[in-house]
Amino acid sequence: MELGSGLGRKIRLLLEAARGAGGLERVILFDVNERSIEEARARLLADYPGLELGGIVGDFASGDLDLLGRSKGRLAVLFAGTIGNLHPSEVPVFLRGLHRCLAPGDAFLVGLDLVKDEGRLHAAYNDAAGVTADFNRNILRVVNQRLEGDFDPAAFEHVAFYDRERAWIEMRLRARRRLEVRIRRAGLRLRYEAGDEIRTEISCKYTRASFDALLPGTGFRSEEWYTDGDRLFALALLRPSPRQDSRLPLPGRPREADPPPARQAKGSRRLRKSNLRKSVSRVNRVRTPCCFSRAARCASGTRLPRTGKPLVTSR
Ligand SMILES: C[S@@+](CC[C@H](N)C(=O)[O-])C[C@H]1O[C@@H](n2cnc3c(N)ncnc32)[C@H](O)[C@@H]1O
């Protein structure tokens, strides 16, 4: 089961590796973006015609993991640094949800971007070609397109910096001038002064210790830790631990200064107006939950994500 499967490029590595061991019986692609799943399925089926290939459109951070059902003999994977886009207080909630879909002996392989040289991080998020800046501003185009907004993306400057205390990269958009924006489908009218900032994304960087610290109470234990030679990235292999109860209360509470993102209501087909209102109203004060980013970016396909709806259950 590949969570956040995108175009399904990395699952090919597992398909190839599994060939020698009898092959994978079945693959489930799980992504919030329906168009990605459709494209990934078409490409994978062209190259692996015998593969049983399912797809589920859902938000793994909002309870939709239950759509995976319960079964045995499963490997869940979440590649790239996607888990880093969750606020650290959301990770245990996500893991407990995933734990419910796995049985003893199953596993979860998760990619992590590691804490590294700050200059390197800064350069990656402030690339000279402006790719990240364009990606960052794209959220405004998506809001315009999907929610009938009238943001002028050019009126916002890309800002990305490493917050050492929280060990995350934060991306913001800073208004270059005073402007007023309407988001018609959300019934919002926003005013920005020059210098006001919108927090659009966080990308958490982990160490083995900081990631392992999130595991108690989730039902998972860490089994292996794989890194590249330069220790820039890691893959953590987690196992459901039968002795741990994933229904235990979560350890710790998010700090007041870091409110966890507001949630899209489970099963709702579009971003709830009230949630968006909450998100956007905090935007002006740089308190934006990352779900503003996630929800808008996830909606960047031509259709709204059909949250909670299995797209394809099998071939
Ligand atoms: C950085 S891309 C990685 C794609 C692919 N796994 C790879 O490594 O090439 C992140 C993917 O996760 C999906 N995604 C992000 N947040 C998600 C969420 N909360 N629920 C489901 N999918 C999500 C995005 O739509 C996107 O396809």
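Two residues are taken to be in contact if their C-beta atoms, placed from the backbone, lie within 7 Å. On that basis, residues 24 or more positions apart account for 72% of the contacts in the chain with a separation of 6 or more. The structure described here is a predicted model, and its chain has eight helices and 13 strands. Of the 315 residues of the chain, 37% count as buried.

**Strands around β5**

- Strand β4, which covers residues 75-78, and strand β5, which covers residues 107-113, run parallel and are joined by four bridges.
- One of the residues involved is Leu75, whose bridge partner in β5 is Ala107.
- Between these two strands the chain passes through helix α3, made up of residues 91-99, and the resulting β-α-β crossover from β4 to β5 is right-handed.
- Strand β5 is also joined to strand β12, residues 233-240, by six bridges, and β5 and β12 run antiparallel.
- For Val110, the bridge partner in β12 is Ala236.

**Surroundings of the ligand**

- The ligand is surrounded by 17 residues, of which the closest are Gly4, Gly6, Val32, Phe79 and Ala80.
- By residue class, the shell around the ligand divides into six nonpolar, six polar and five charged residues.

**Residues with a positive phi**

- As background to the points below, most residues other than glycine have a negative phi.
- Ala80, which is listed among the residues closest to the ligand, has a phi near 60 degrees, a positive value in a residue other than glycine.
- The position of Ala80 in the chain is in the loop between β4 and α3, and β4 and α3 also belong to the right-handed crossover that leads to β5.
- Ala80 has 14 other C-beta atoms within 10 Å and therefore counts as partly exposed, since that class lies between the limit of 12 or fewer for exposed residues and the limit of 20 or more for buried ones.
- Arg231 likewise is a residue other than glycine with a positive phi, in this case near 55 degrees.
- Arg231 is found in the loop between β11, residues 220-227, and β12, and β12 is the strand that runs antiparallel to β5.
- Arg231 counts as exposed because it has 12 C-beta neighbours inside 10 Å, and a residue with 12 or fewer falls into that class.

How values were computed
Residues are numbered from 1 along each chain as its sequence is written. This is a predicted model: local features need pLDDT of at least 70, side-chain atom pairs count only at pLDDT 80 or more; totals for chains, interfaces and linings use all residues. Two strands pair if DSSP finds at least two bridges between them. A crossover is right-handed if, with the strands pointing away from the viewer, the path from the first strand over the helix to the second runs clockwise. A residue is near a molecule or strand if its C-beta atom, placed from the backbone, lies within 6 Å of it. Ala, Val, Leu, Ile, Met, Phe, Trp, Tyr, Cys and Pro count as nonpolar, Asp, Glu, Lys and Arg as charged, and the others, Gly among them, as polar.
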